[in-house]
Amino acid sequence: MLIYQDEREIHRPPALTRMWAPVGQQPEIPAPGKNEKRVVYGGIDYHTGKLTYTIAERKCGASFLAFLVVLLRVYAGRKIRLVGDNGRFHTTIAVHQFLAAHQAALEVYWLPPYCPSLNLIERLWGHLKRTVLANVLYTRIQDLVAAFRKGARRVTSNRGRMKFMFTHEEGAPDASPQVQQLAA
């Protein structure tokens, strides 16, 4: 299994994107008085488009480890090749020990720093931000999380709906020979 992993913060203040409005009528998007957020740790299966994720209160090594435990449970008995960035909470002592203890089931390929374009899950995060989380103020943080879950389920339930992730130009696969070899 080839899994692209990353985390994304989701915030109650809505992301603002273009939207339709009648000529001369400025749309208004309210803002909350307080910024609440959650962190989504996610991994997207390159073959199927299946999203495995956990939601945490903050970015930290312990939350990343919780995600890795879930990932190992979901793909039990199969070798996982995980592609991810070198975020500081990915390199804690506890994470290194966990990865060493599970190296038979989990092989990690760290991307170079500041290269989000190499991580396919970044495209999913951007899509969800523009479509599900944009221009809507959710009353409670639970409503935001529920909207994220519903949007992620709708998009990732069918790999065919995810062409924006797996093709760079119309019909051209976005997999280098190295990625194709990892996926095999």
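**Getting to know the fold**

Biologist: How many helices and strands does the chain have?
Modeller: You are looking at a predicted model, in which local features need pLDDT of at least 70, side-chain atom pairs count only at pLDDT 80 or more, and totals for chains, interfaces and linings use all residues. Residues are numbered from 1 along each chain as its sequence is written, and side-chain values use heavy atoms, with hydrogens and water left out. Both kinds of element are DSSP runs numbered from the N terminus (helices are H or I over at least four residues, strands are E over at least two). On that basis the chain has 6 helices and 7 strands.

Biologist: In what order do those elements come along the chain?
Modeller: Start at the N terminus and read on from there. The elements then run β-β-β-α-β-α-β-α-α-α-β-β-α.

Biologist: Which strands are at the edges of the open sheet?
Modeller: The open sheet has 5 strands in the order 3-2-1-4-5, with mixed pairing; two strands pair if DSSP finds at least two bridges between them. An edge strand pairs on one side only. That description fits strand 3 (51-56) and strand 5 (106-110).

Biologist: What is the average twist from one strand of that sheet to the next?
Modeller: Angles here are taken between N-to-C directions and run from 0 to 180 degrees, using axes fitted to C-alpha atoms (for helices, over the stretch in contact). From one strand to the next, the twist averages 25°.

Biologist: Do strand 2 and strand 3 run parallel or antiparallel?
Modeller: Strand 2 and strand 3 form a hairpin with 5 residues between them, and Gly49 in the turn has a positive phi of about 80°. One bridge pairs Val40 with Ile55 of strand 3. In total 6 bridges join strand 2 to strand 3, and the two run antiparallel.

Biologist: What is the bridge partner of Tyr4 in strand 4?
Modeller: Strand 1 (residues 2-11) and strand 4 (residues 80-84) run parallel, joined by 3 bridges. Leu2 is bridged to Arg81 of strand 4. For Tyr4, the partner in strand 4 is Val83.

Biologist: And on the other side, what is the bridge partner of Ile80 in strand 5?
Modeller: Strand 4 and strand 5 pair in the parallel sense, over 5 bridges. Strand 4 is also mostly covered, with 4 of its 5 residues buried (buried means under 20% relative accessible area, exposed over 50%, partly exposed in between; 1.4 Å probe, protein chains only). In strand 5, Ile80 is bridged to Leu106.

Biologist: At what angle does helix 1 run to strand 3?
Modeller: Helix 1 (residues 61-74) lies across strand 1, strand 2 (37-45), strand 3, strand 4 and strand 5. Among its buried residues are Phe64, Leu68 and Leu72. The buried residues pack against strand 1, strand 2, strand 3, strand 4, strand 5 and helix 2 (93-101), where contact means heavy atoms within 4.5 Å. Relative to strand 3, helix 1 runs at about 150°.

Biologist: How far apart are the end C-alpha atoms of helix 1?
Modeller: The expected span of a helix is 1.5 Å times one less than its number of residues. Helix 1 has 14 residues, so it should span 20 Å. The model agrees, because the end C-alpha atoms are separated by 20 Å.

Biologist: Is Tyr114 buried or exposed?
Modeller: Tyr114 lies in the loop between strand 5 and helix 3 (121-131). Its phi is near 60°, a positive value in a residue other than glycine. With a relative accessible area of 83%, Tyr114 is exposed.

Biologist: Asn135 is in a loop too, so what is its relative accessibility?
Modeller: The loop of Asn135 lies between helix 3 and helix 4 (141-156). Phi of Asn135 is near 60°, again positive in a residue other than glycine. Asn135 counts as buried, because its relative accessibility is 16%.

Biologist: Which residues is Gly151 in contact with, leaving aside its neighbours within four places in sequence?
Modeller: Gly151 is found in helix 4 and is buried, with a relative accessible area of 1%. Its C-alpha atom is 9.8 Å from that of Lys129, 22 residues away along the chain. Setting those sequence neighbours aside, Gly151 is in contact with Leu128 and Val132.

Biologist: To finish, what share of contacts join residues at least 24 apart?
Modeller: The chain has 184 residues, of which 42% count as buried. Take the contacts in the chain between residues at least 6 apart in sequence. Of these, the share joining residues at least 24 apart is 71%.
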